[in-house]
Amino acid sequence: DTYQNLNETIIGQPVDILPVLQESASSNHSFSEKWINKLQNCVDKQTSLLKQIPFSDLQVFNTIMNSLPQNCILHLGNSSPVRYGQLFDLSICKSVYSNRGVSGIDGCLSTASGYASESSDLNIVILGDLSFLYDSNGLWNRNLSPNLRIVVINNGGGGIFSLISNNSDQPFFKEYIETNHPVKIEKLAEAYGIDYYFCDNQTKLEATFRSFLQSENNGPSILEIKTSKECNSEIYHDFIKNIKQ
């Protein structure tokens, strides 16, 4: 009971219990209908809300997820990207992966790079700026595949902590929790000889993303998307609250 919220316990062997649950769910058509109706209501409300929100991390994910090519391989960084990614229908992707390192973010880029090197499909990895910087040495690899596309959502630090923490207004938060950084991602791309794209508003993102995916250079490409961290947390929480209502 990880979250200390269970109020009933079923004692028994899975092999005995699961068939009973399956039979119950199959015979209870009203439950299925309620679930499907609830899901559709949420999808309809989400579609409506996403038309109204300004340029932000959430709007960036909305744009990207609705622009993914058929049967691509999607790799999600395991902090904010996973939380945002789960809000969207990813069935257009052939597979969706997420690397979980010892400290969470370590190894995300290296794992995606290694997978892409043995894949014939287009591989798209979406990372936050800290995840990208933490594992940027993953680009120090002579066998990087030209079918790798790296999206870096740069909100100037660990934006995940504003989503899950109630301490974002504390004086220590920006320096020790969010971990702001002065690194210029364009310079890193140049150092590794990787094609670089940049956008910082909705119009640029829509115009750039397709070109970024279709890049025909002899190696991978990086797209840096600059967002304002001041509004991301508020937009995310308002969005979730409105969906729940």
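**Cysteines**

I looked up C93 and found that it counts as buried, because its relative accessibility is 9% and the cut-off for buried is under 20%. I keep in mind that this is a predicted model. I then turned to C199, which counts as buried at 0% relative accessibility.

Next I searched for disulfides, and the structure holds zero of them. For C93 I noted that the nearest cysteine sulfur, that of C72, is 3.9 Å away, whereas a disulfide needs the two sulfur atoms within 2.5 Å, so C93 is in no disulfide.

**Helix α2**

I moved on to F31, which lies in helix α2, made of residues 29–50. I compared the length of this helix with what is expected: at 1.5 Å a residue, the 22 residues of α2 should span 32 Å, and the end C-alpha atoms are 31 Å apart, which agrees.

Which residues of α2 are buried? I listed Q46, L49 and L50. They cover an arc of only 90° around the axis, and therefore I place them on the same side of α2. On the face turned away from that buried side I found the exposed residues H29 and I36.

**Surface patch**

I looked up the nonpolar surface patch to which F31 belongs, and its other members are W35, I36, L39 and V43. Together these residues make a patch of about 550 Å². I checked F31 by itself as well, and I entered it as partly exposed because its relative accessibility is 47%, with exposed requiring over 50%. I also marked I36 as a residue that appears twice in my notes, in the patch and on the face of α2 turned away from its buried side.

Technical notes:
Residues are numbered from 1 along each chain as its sequence is written. This is a predicted model: local features need pLDDT of at least 70, side-chain atom pairs count only at pLDDT 80 or more; totals for chains, interfaces and linings use all residues. Side-chain values use heavy atoms; hydrogens and water are left out. Buried means under 20% relative accessible area, exposed over 50%, partly exposed in between (1.4 Å probe, protein chains only). Patches are made of residues with over 30% relative accessible area and no salt bridge: like charges are joined within 9 Å, nonpolar side chains (Val, Leu, Ile, Met, Phe, Trp, Tyr) within 5 Å. Accessible areas come from the Shrake-Rupley method with a 1.4 Å probe; for residues, only the protein chains shown count as cover. A salt bridge is a side-chain nitrogen of Lys or Arg within 4 Å of a carboxyl oxygen of Asp or Glu. Helices (H or I, at least four residues) and strands (E, at least two) are DSSP runs, numbered from the N terminus. The expected span of a helix is 1.5 Å times one less than its number of residues. The arc is that of the directions from the helix axis to the C-beta atoms.
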